[in-house]
Amino acid sequence: MSQLTLQTHVSDIVTAVPQSADLFRALRIDFCCGGKIPLEEAAAKRKLDSSAVLHQARILETKIAEYRDSRPGDLAEPELIDYIQNKHHAFLREELPALTPYVTKLALVHGEHHPELLRVQEIFAELKNELLTHTEDEDQNVFPQIQQCIAKPNSNHSEGLQPLLSELEQEHEQAGNLLKELREVTSDFALPSDACGTYRLVYQRLGLLEKDTFEHIHLENNVLFERVRERCNGQGQQR
């Protein structure tokens, strides 16, 4: 029997059923920064039938039940950090610089007739700078401290990590807001009738960037950071 209900937090649904991230993204339900609210409330904010959304989440839950052992949310903290770095951080380091010339070209060629593309270029540049700086700080500074705290939990580690985790969560929210604005100014990445190949490529890859970043933020905010706060406060045992 499914454990998902209308009162289950959206973030907890994505932790339990990772594929539901695609469902919530399509419905424009925030599952990362604003995911710690009941599904019923989140659906109401989007004027959606909460029971129908729950039914779709339960269908996904049933379909992936046999793959539960492979969920990243089930990884122990050190392995989860490796997963985040090897999948999400590596993706950003490769994709953001690679996509930059296409975004620039699109704004240059089509910006006169589609002025929203000038804002797309600005948002992308800001997002690129923030995400690359953010992930570098995690890799070089925060994640090593998390590893130390997990290995030897104590109050000093906990006190030192708390403000760092809070700062990262604030940066996640800023990135999430930029992605939301990006979707708004592009009308959900809707292509105009005169869209060329570059136009299609950029919108497709921006959609993939949004998907990966929201999954990335969810794993950190709602899984890794939550566990770290428990472990480093001595309230749990290492997985």
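Helices (H or I, at least four residues) and strands (E, at least two) are DSSP runs, numbered from the N terminus. The structure is a predicted model, in which local features need pLDDT of at least 70 and side-chain atom pairs count only at pLDDT 80 or more, while totals for chains, interfaces and linings use all residues. Residues are numbered from 1 along each chain as its sequence is written, and side-chain values use heavy atoms, with hydrogens and water left out.

**Exercise 1. Describe the surroundings of alanine 57**.

Step one is to place the residue: alanine 57 sits in helix H4, which spans residues 50–63.

Step two is to ask about exposure, for which buried means under 20% relative accessible area, exposed over 50%, and partly exposed in between (1.4 Å probe, protein chains only). Alanine 57 has a relative accessible area of 0%, so it is buried.

Step three is to list the contacts, where contact means heavy atoms within 4.5 Å. Leaving aside neighbours within four places in sequence, alanine 57 is in contact with Leu4, Ile13 and Leu23. In addition, the C-alpha atoms of alanine 57 and alanine 21 are separated by 9.5 Å, and these two residues are 36 residues apart along the chain.

**Exercise 2. Find which residues touch the most other members of the largest nonpolar core, and follow Phe24 outward**.

Begin with the term: a nonpolar core is a set of buried Ala, Val, Leu, Ile, Met, Phe, Trp, Tyr and Cys residues joined through side-chain atoms within 4.5 Å. The largest such core has 41 residues, and Phe24, Phe31 and Leu206 touch the most other members. The elements that each give two or more residues to this core are H1, H2, H3, H4, H5, H6, H7 and H8, and the largest share, seven residues, comes from H8.

Next, look at one of these residues: phenylalanine 24 touches Val10, Ile13, Val14, Ile29, Phe31, Leu39 and Val53, not counting residues up to four places away in sequence. Apart from the largest core lies another core of 18 residues, among them Phe143, Leu168, Val223 and Cys232.

**Exercise 3. Compile the polar contacts and neighbours of threonine 135 and aspartate 139**.

Start with position and exposure. Threonine 135 belongs to helix H6, residues 116–151, and aspartate 139 is found in helix H6 as well. Threonine 135 is buried, with a relative accessible area of 2%, and aspartate 139 is buried with a value of 16%.

Then turn to polar contacts (a pair of N or O atoms within 3.5 Å; within protein, one must be able to donate a hydrogen and the other to accept it, and residues adjacent in sequence count only if both atoms are side-chain atoms). A polar atom of the threonine 135 side chain lies 3.2 Å from the backbone oxygen of leucine 132. The side chain of aspartate 139 has a polar contact of 2.8 Å with the side chain of histidine 89, and another, of 3.3 Å, with the side chain of arginine 93.

Finally, list the neighbours, not counting residues up to four places away in sequence: threonine 135 touches His89, Leu92 and His216, and aspartate 139 touches Gln85, His89, Arg93 and Pro144.

**Exercise 4. Examine arginine 28 and the second largest pocket**.

First, the backbone: arginine 28 has a positive phi of about 60° although it is not a glycine. Arginine 28 lies in the loop between helix H2 (20–27) and helix H3 (39–45), and it is partly exposed, with a relative accessible area of 34%.

Second, the pocket. On a 1 Å grid over the protein atoms alone, a pocket is an open set of points with protein on both sides within 12 Å along at least five of seven lines, and lining residues have an atom within 4 Å of a point. Grid points are joined across faces, edges and corners, and a volume is the space filled by probe spheres set on the points. The second largest pocket has a volume of about 220 Å³. Of the 13 residues that line this pocket, the closest to its centre are Arg28, Ile29, Asp30, Lys180 and Phe214.

Third, the sources of the lining: H2, H7 and H8 each supply at least two residues, and H7 gives the most, with four residues.

How values were computed. On a 1 Å grid over the protein atoms alone, a cavity is a set of points where a 1.4 Å probe fits but cannot get out, and a pocket is an open set with protein on both sides within 12 Å along at least five of seven lines; lining residues have an atom within 4 Å of a point.
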